[in-house]
Amino acid sequence: MEIREGGLDDPRVHELLRYHLATVDNDSPPEYRHALDLDGLRELDFFTAWNDGELAGMGALKEFAPGHSEVKSMRTAPGHLRRGVARAMLNRLVARARERGCTRISLETGTSPQFAPANALYERHGFIDCAPFAEYPASPHNRFMTMKLR
């Protein structure tokens, strides 16, 4: 698997992003959806995962405060689930946060059963629950996690 920086102009990435946004839209009330569209992702460090020439996943990193970054829009393509794509992407995003000198990385995720595999990955990686950060409101639909970087 290869993790590449960029890729937002690739139609396959657009398709995966549409899938990502559609699944998020089905899961939470509109006021608690925080997924970014294509224009929003252009402002961030964006990465794609590729396996034998196929798009396997995507993820982004947003630095929202000095020394504090956020994982955004991590998604594994449906045909690549349970193959280590999300783990590899999360490792790359954490590495980028470290490269930027961040001392903390956080994320906002969902609480429905659809998010259970992602939440388990974040927990295995060392993320712990935290209070809402940035401008996110607390809700029963959102889970907030953070991890100190050494």
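## Pocket, cores and a few odd residues

The largest pocket here has a volume of about 910 Å³. Keep in mind that this is a predicted model.

Let's start with the walls of that pocket. Its lining is made up of 41 residues, and those nearest the centre are Met-74, Arg-75, Phe-115, Ala-118 and Tyr-122. Sorted by class, the lining holds 18 nonpolar, 13 polar and ten charged residues. Helix H1 (11-25), S3, S4, H3, S5 and H4 each put in at least two lining residues. S4 gives the largest share, with seven residues.

Now for the packing. The largest nonpolar core has 21 residues, and the members that touch the most others are Met-74, Leu-90, Ile-105, Tyr-122 and Phe-127. At least two core residues come from each of strand S2 (45-51), strand S3 (54-65), strand S4 (68-76), helix H3 (85-99), strand S5 (104-110), helix H4 (116-125) and strand S7 (142-148). H3 brings the largest share, six residues. There is also a second, separate core of twelve residues, with Leu-8, Leu-41, Leu-44 and Met-58 among them. As a rule, nonpolar side chains in soluble globular proteins tend to be buried together.

Two names turn up in both stories: Met-74 and Tyr-122 are among the best-connected members of the largest core, and they also sit among the residues nearest the centre of the largest pocket.

What does Ile-105 touch, leaving out residues up to four places away in sequence? Its partners are Leu-61, His-68, Ser-69, Val-71, Leu-93, Val-94, Ala-97, Phe-127, Met-145, Thr-146, Met-147 and Leu-149. Phe-127 in that list is another of the core members with the most contacts to other members.

H4 is worth a look of its own. Its residues Asn-119, Leu-121 and Tyr-122 are buried. Viewed down the helix axis, the buried residues of H4 fall within an arc of 155°, so they line one face of the helix. These buried residues pack against S4, H3, S5 and S7. Just past the end of H4, Gly-126 adopts a positive phi of about 110°.

Glycine is not alone in having a positive phi: Asp-52 has one near 50°, and Arg-82 has one near 65°. Asp-52 belongs to the loop between S2 and S3, while Arg-82 is in the loop between S4 and H3. Where do these two, along with Gly-7 and Ala-65, stand on accessibility? The table puts them together.

| Residue | Relative accessibility | Class |
|---|---|---|
| Gly-7 | 30% | partly exposed |
| Ala-65 | 26% | partly exposed |
| Asp-52 | 78% | exposed |
| Arg-82 | 69% | exposed |

Gly-7 lies in the loop between strand S1 (2-5) and H1. Setting aside residues up to four places away in sequence, Gly-7 touches Val-13, Phe-46 and Thr-48. The C-alpha atoms of Gly-7 and Ala-49 are 9.7 Å apart, with their positions 42 residues apart along the chain.

Ala-65, for its part, is found in strand S3. Its C-alpha atom is separated by 22 Å from that of Ser-139, and the two residues are 74 residues apart along the chain.

Methods
Residues are numbered from 1 along each chain as its sequence is written. This is a predicted model: local features need pLDDT of at least 70, side-chain atom pairs count only at pLDDT 80 or more; totals for chains, interfaces and linings use all residues. Side-chain values use heavy atoms; hydrogens and water are left out. A nonpolar core is a set of buried Ala, Val, Leu, Ile, Met, Phe, Trp, Tyr and Cys residues joined through side-chain atoms within 4.5 Å. Buried means under 20% relative accessible area, exposed over 50%, partly exposed in between (1.4 Å probe, protein chains only). Helices (H or I, at least four residues) and strands (E, at least two) are DSSP runs, numbered from the N terminus. Contact means heavy atoms within 4.5 Å. On a 1 Å grid over the protein atoms alone, a cavity is a set of points where a 1.4 Å probe fits but cannot get out, and a pocket is an open set with protein on both sides within 12 Å along at least five of seven lines; lining residues have an atom within 4 Å of a point. Grid points are joined across faces, edges and corners, and a volume is the space filled by probe spheres set on the points. Ala, Val, Leu, Ile, Met, Phe, Trp, Tyr, Cys and Pro count as nonpolar, Asp, Glu, Lys and Arg as charged, and the others, Gly among them, as polar. The arc is that of the directions from the helix axis to the C-beta atoms.
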